[in-house]
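Reader: I have a model open and want to go over its pockets first, then a sheet. Can you take me through it?

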Amino acid sequence: MASSKLAGEVPITWHLGKGGPASSVSDTLPLNPSTETPLASLIDLQSLRALLNDFSALVGIATALLDLAGNVIQFAGWQKACTDFHRHNPRSCANCNESDLYLASNLKEGDFIDYKCKNGLWDVVTPVFVGKQHLANLYCGQFFYDEDVIDDAYFVAQAERFGYDKASYLAAIHAMPRFSREFVRRVMAHIVNLASYLSHLSLTNLKLSESRGQMETLLNTLPDPVWLKDTQGVYLTCNHAFERIIGAPASAIIGKTDYDLFPATLADFFRQKDQEAILASGPNTNEEWVNVAGSEKQALMETTKTALPGASGQPIGVLGIAHDITERKRSEDYLHLMSKVFSNSGEAILITDANKRILAVNQEFTKLTGYSEAEALGKNPKFLACGDTPSEIYQEMWATLAENDYWQGELWDRRKTGEAFPKRLSISVVRDSEGKIVNYIGNFEDITQRKAAEDRIRYLAHHDALTGLPNRFSLHERMEQCIAFAKRDDRSLAVLLIDLDHFKAINDTLGHDVGDQLLIQVAKRLQHSVRDSDIVARLGGDEFVMILSGIEMSTEIIEVAGKIIAQVAAPYSIGSHELRTSPSVGICFYPADATDTGELIKNADIAMYHAKAVGRCNYQFYTEKMRDEVAQRVTVEHELKLALKNGQFVLHYQPQVELSSGKVTGVEALVRWQHPVRGLISPCDFISIAEETKLIIPLGKWILEAACHQLKHWHEEGLSDLHVSVNLSAIQFQDKKLPQMVRQALASSNLDARYLHLEITESMAMQNPDENIVMMKTLANIGVKLAIDDFGTGYSSLAYLKIFPVDIIKIDRSFVKDLETDEDDAAICEITLLLAQKLGVLVVAEGVETALQSQFLSRHDCQWVQGNLYSKPLSAGLVEEYVREFVPVHAHAGHGT
């Protein structure tokens with residue numbers, strides 16, 4: 001072995017090889033000569049090839065770099081014997097590899113050895129290490145030393161062994177270069193230095209590769225996207241999290257810019273932030289919304305970018321790392337919102353710990369209680385209690401919280417001012433993951449106004465809103481109690497039902513406001529008329545009920561009833577009006593007349609209607625006869641409805657005679673009820689009931705239409721001068737649809753309107769004269785004639801009579817009846833006729849029974865008369881014959897059919 005050390009080179013040890021071909025070294029081969037990182041991946045092979053080519057060309061010796069498996073990594077200047085023969089044949093190639101494998105376990109860095117390989121040529125080999133790992137061998141060879149003698153027989157045997165062409169092979173062997181050992185030593189000094197350089201370079205590259213791998217592993221384990229760009233915005237690397245955001249592998253990202261991956265607007269934003277990071281002295285952080293690949297969602301990313309300095313200290317790129325703060329931002333926004341809700345809630349809120357110490361309160365708490373947050377913190381909420389809440393409620397509250405984690409109810413608390421107030425409180429329990437109580441959250445509101453409203457509602461549910469008296473509902477409850485007490489004590493009760501007379505007229509003429517004020521004063525007078533222990537209630541409208549207990553004698557109730565009538569009937573001063581009304585009072589007794597509430601009120605109502613029927617402003621005691629009359633009225637009402645439905649009504653007609661000509665000029669239509677059982681019924685027995693039940697409206701419509709059609713028929717039969725008079729009830733006259741009804745009757749019968757006379761009573765006309773004038777004018781404009789019936793029985797104002805569009809006045813039969821014997825009746829008839837002449841209206845005298853009455857009326861220029869002197873009311877079938885055969889009546893006693 002020889003060694004040599006050249007200046008500036010690594011120490012070199014020359015291991016002298018054997019002069020003959022190398023023997024087998026299989027026993028000394030390393031068990032695992034390869035490494036996980038091949039040398040080829042650690043060096044620049046192109047540069048190494050150029051270096052070896054130049055070196056071999058310079059010194060004339062073949063060079064090569066082989067790994068430990070014998071694979072050629074790079075080579076240069078190889079001789080023909082090797083390229084065309086030794087390396088061409090796999091078996092002979094194996095001879096060359098054995099030397100490298102042998103050296104793997106026998107040489108150290110800086111050592112080299114020369115020896116003849118099994119192919120008979122000299123090789124000089126030095127190892128290449130990467131750290132402590134032997135990865136490859138660098139050698140020069142394929143030559144003979146100057147002193148070598150070529151053994152042709154050996155090489156001929158080699159040619160025969162491997163099937164070479166002998167001549168060509170021997171020629172290639174003899175063409176091999178020859179060098180001195182000193183020259184080879186000097187060449188190997190350079191080769192050893194090159195191997196050392198490759199070792200250090202490979203180690204450096206290996207460490208860089210390992211660092212890069214570790215860095216990539218580290219970056220890929222990060223959940224946040226990380227990337228690196230150069231100063232031009234080109235991506236150099238990125239981790240898996242960034243790949244997921246982009247939705248592409250790193251290979252599709254590296255080398256591209258943001259403009260290849262994002263919309264232009266967002267790419268501009270990213271580029272701007274990159275530039276700011278390059279110019280900044282430290283990291284820059286900003287927030288940005290990005291689309292998440294494979295999803296329609298957007299993520300809010302908090303991105304930190306910093307410049308990456310190069311060897312010169314100048315930025316060579318931008319390192320970025322982003323963190324998805326979408327959920328954090330939502331949580332922050334939610335917490336902010338909850339903070340706002342807590343602070344601005346319309347309800348007071350307090351939060352305590354598990355030991356019921358107050359941790360926080362909101363502004364509404366301070367507003368409702370008067371206690372500031374500082375005054376409340378650390379205290380038990382019971383410091384607010386005023387002591388009015390029963391302890392049972394608190395016990396129930398804590399028991400419910402323990403079972404359900406929630407309770408809601410009403411408590412009484414006290415403000416800082418000392419004022420007690422009711423509150424509606426809700427408490428929720430907050431527990432940790434182990435089920436332990438962490439907090440109590442209470443929210444409450446002041447329900448003072450609500451409680452007042454509830455009290456008001458309860459009051460209104462039992463009292464009349466206008467008068468403050470008990471209402472119908474409360475009346476029934478109190479009556480039940482009174483009846484129970486009376487039954488227990490074996491005593492009587494008096495029930496009085498009071499209805500105001502003509503109250504509707506006051507409401508209609510002066511308005512509901514005045515009517516309401518009148519009801520209030522009536523209620524007060526009724527209360528003052530009885531004892532405090534008695535009950536006064538408003539049943540509804542203008543009806544009141546009194547319950548008087550402890551009444552034993554009828555004289556007592558008579559005294560009370562008289563007092564009620566006197567006080568209620570006294571004048572009322574309401575605004576600028578002095579009003580009068582009167583009560584109609586019905587009285588019944590418990591238990592004599594009924595034993596339950598409904599029947600008592602019903603019987604008192606029956607008695608009250610009887611009081612109205614006998615003249616109003618009086619009281620009547622209930623009797624069974626009254627009930628029978630009511631039952632009869634109910635029966636009649638029901639039968640009236642059936643009569644209208646089944647067409648049981650007929651018209652009779654009483655002729656009207658013109659005194660000057662002695663001719664029949666018209667008839668008055670009078671309704672009759674052709675009852676299937678009771679026969680022909682007079683209107684006196686059913687018209688009042690029809691008016692009370694409003695059945696007079698459909699009945700009056702039928703009368704009007706039937707009369708018009710009948711008159712049209714008579715006209716067509718030649719009685720063309722006849723007219724027909726139809727009576728209107730007060731309810732009909734107040735019906736706004738009356739003009740339309742008249743027009744329809746005229747149109748359906750094709751009757752000329754001038755032949756239809758409509759009669760209204762004097763009292764009807766004067767009830768609401770201003771409104772009635774409007775209705776009269778509307779009817780007059782249709783073309784019909786208007787007549788005032790029963791003239792003289794009411795209280796006509798001459799001023800109104802003058803402006804009423806009236807064509808006819810009918811003198812009531814009560815004045816005609818006694819005009820022969822009663823000077824007053826005669827004078828009234830005479831004055832009425834004179835008044836009619838002055839007003840230019842016609843006069844019809846009703847109820848003419850005698851010739852003397854007829855002569856008196858004729859003598860005072862009465863135009864028309866009707867009565868039994870001439871004819872009783874006739875059926876429609878007899879009228880035509882009567883008119884055609886009529887003979888004027890003068891002085892004889894009478895005539896009729």
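Author: Start with the second largest pocket: strand S27 gives the most to its lining, with 5 residues. Bear in mind that this is a predicted model.

Reader: How much space lies in the second largest pocket?

Author: About 750 Å³.

Reader: Which residues lie nearest its centre?

Author: The second largest pocket has 33 lining residues, and Glu668, Leu670, Pro683, Asn727 and Asp789 lie nearest its centre.

Reader: Which elements supply at least two residues of that lining?

Author: Strands S27 (663-675), S29 (723-727), S30 (756-761) and S31 (785-791) do, along with helices H21, H22 (696-716) and H23.

Reader: And how do the residues of that lining divide into nonpolar, polar and charged?

Author: For the second largest pocket, 14 are nonpolar, 9 polar and 10 charged.

Reader: Now the largest pocket. What volume does it have?

Author: The largest pocket has a volume of about 1900 Å³. It is lined by 42 residues, and the closest to its centre are Lys504, Arg616, Glu691, Glu692 and Ile731.

Reader: Where does the largest share of its lining come from?

Author: From helix H19, with 7 residues. Several other elements supply at least two residues each, among them strand S19 (493-501), helix H16 (503-510), helix H20 (624-646) and helix H26 (769-782). Helices H21 (687-692) and H23 (730-734) also supply at least two residues each to the lining of the largest pocket, and both do so for the second largest pocket.

Reader: How many charged residues are in the lining of the largest pocket?

Author: There are 17 charged residues, alongside 17 nonpolar and 8 polar ones.

Reader: Moving on to closed spaces. How many cavities of 30 Å³ or more does a search of the whole structure find?

Author: The search finds 3. The largest cavity has a volume of about 140 Å³. Its lining has 14 residues, of which Trp227, Phe242, Phe262, Phe270 and Glu288 are the closest to its centre.

Reader: Which elements give two or more residues to that lining?

Author: Strand S9 (226-230), helix H7 (240-246), S11 and S12. S12 gives the most to the lining of the largest cavity, with 3 residues. By class, that lining has 10 nonpolar, 1 polar and 3 charged residues.

Reader: S9, S11 and S12 are strands of the sheet I wanted to ask about. In what order do its strands come?

Author: The order is S10-S9-S13-S12-S11, an open sheet of 5 strands with antiparallel pairing.

Reader: Which strands stand at the edges?

Author: Strand S10 (235-238) and strand S11 (284-291) do; each has a single partner strand, so one side of each is left without a neighbour in the sheet. From one strand to the next, the twist averages 25°.

Reader: What packs on the sheet?

Author: Helix H10 (residues 326-344) does, touching S12 and strand S13 (315-324). The direction of H10 makes about 120° with that of S12.

Reader: Over how many bridges do S11 and S12 pair?

Author: Over 8 bridges, in the antiparallel sense, with S12 covering residues 298-309. Threonine 285 has threonine 304 of S12 as its bridge partner, and asparagine 291 has glutamine 298 in S12.

Reader: What about the hairpin of S11 and S12: how many residues lie between the strands?

Author: There are 6 residues between the strands, and glycine 294 takes a positive phi near 75° in this hairpin.

Reader: Two single residues before I stop. Is isoleucine 43 buried or exposed?

Author: Isoleucine 43 has a relative accessible area of 11%, so it counts as buried. Its place is in the loop between strand S2 (12-21) and helix H1 (45-59). Leaving out residues up to four places away in sequence, isoleucine 43 touches Leu48, Leu65, Leu198, Leu201, Ser202 and Asn205.

Reader: And proline 90, buried or exposed?

Author: Proline 90 counts as exposed, at 68% relative accessibility. Its place is in helix H3 (residues 90-103).

Reader: What separates the C-alpha atoms of proline 90 and tyrosine 653?

Author: 151 Å in space, with the two residues 563 residues apart along the chain. For isoleucine 43 and valine 341, the C-alpha to C-alpha distance is 67 Å, and they are 298 residues apart in sequence.

Key:
Residues are numbered from 1 along each chain as its sequence is written. This is a predicted model: local features need pLDDT of at least 70, side-chain atom pairs count only at pLDDT 80 or more; totals for chains, interfaces and linings use all residues. Side-chain values use heavy atoms; hydrogens and water are left out. Two strands pair if DSSP finds at least two bridges between them. Helices (H or I, at least four residues) and strands (E, at least two) are DSSP runs, numbered from the N terminus. Axes are lines fitted to C-alpha atoms, for helices over the stretch in contact, and angles run from 0 to 180 degrees between N-to-C directions. Contact means heavy atoms within 4.5 Å. On a 1 Å grid over the protein atoms alone, a cavity is a set of points where a 1.4 Å probe fits but cannot get out, and a pocket is an open set with protein on both sides within 12 Å along at least five of seven lines; lining residues have an atom within 4 Å of a point. Grid points are joined across faces, edges and corners, and a volume is the space filled by probe spheres set on the points. Ala, Val, Leu, Ile, Met, Phe, Trp, Tyr, Cys and Pro count as nonpolar, Asp, Glu, Lys and Arg as charged, and the others, Gly among them, as polar. Buried means under 20% relative accessible area, exposed over 50%, partly exposed in between (1.4 Å probe, protein chains only).
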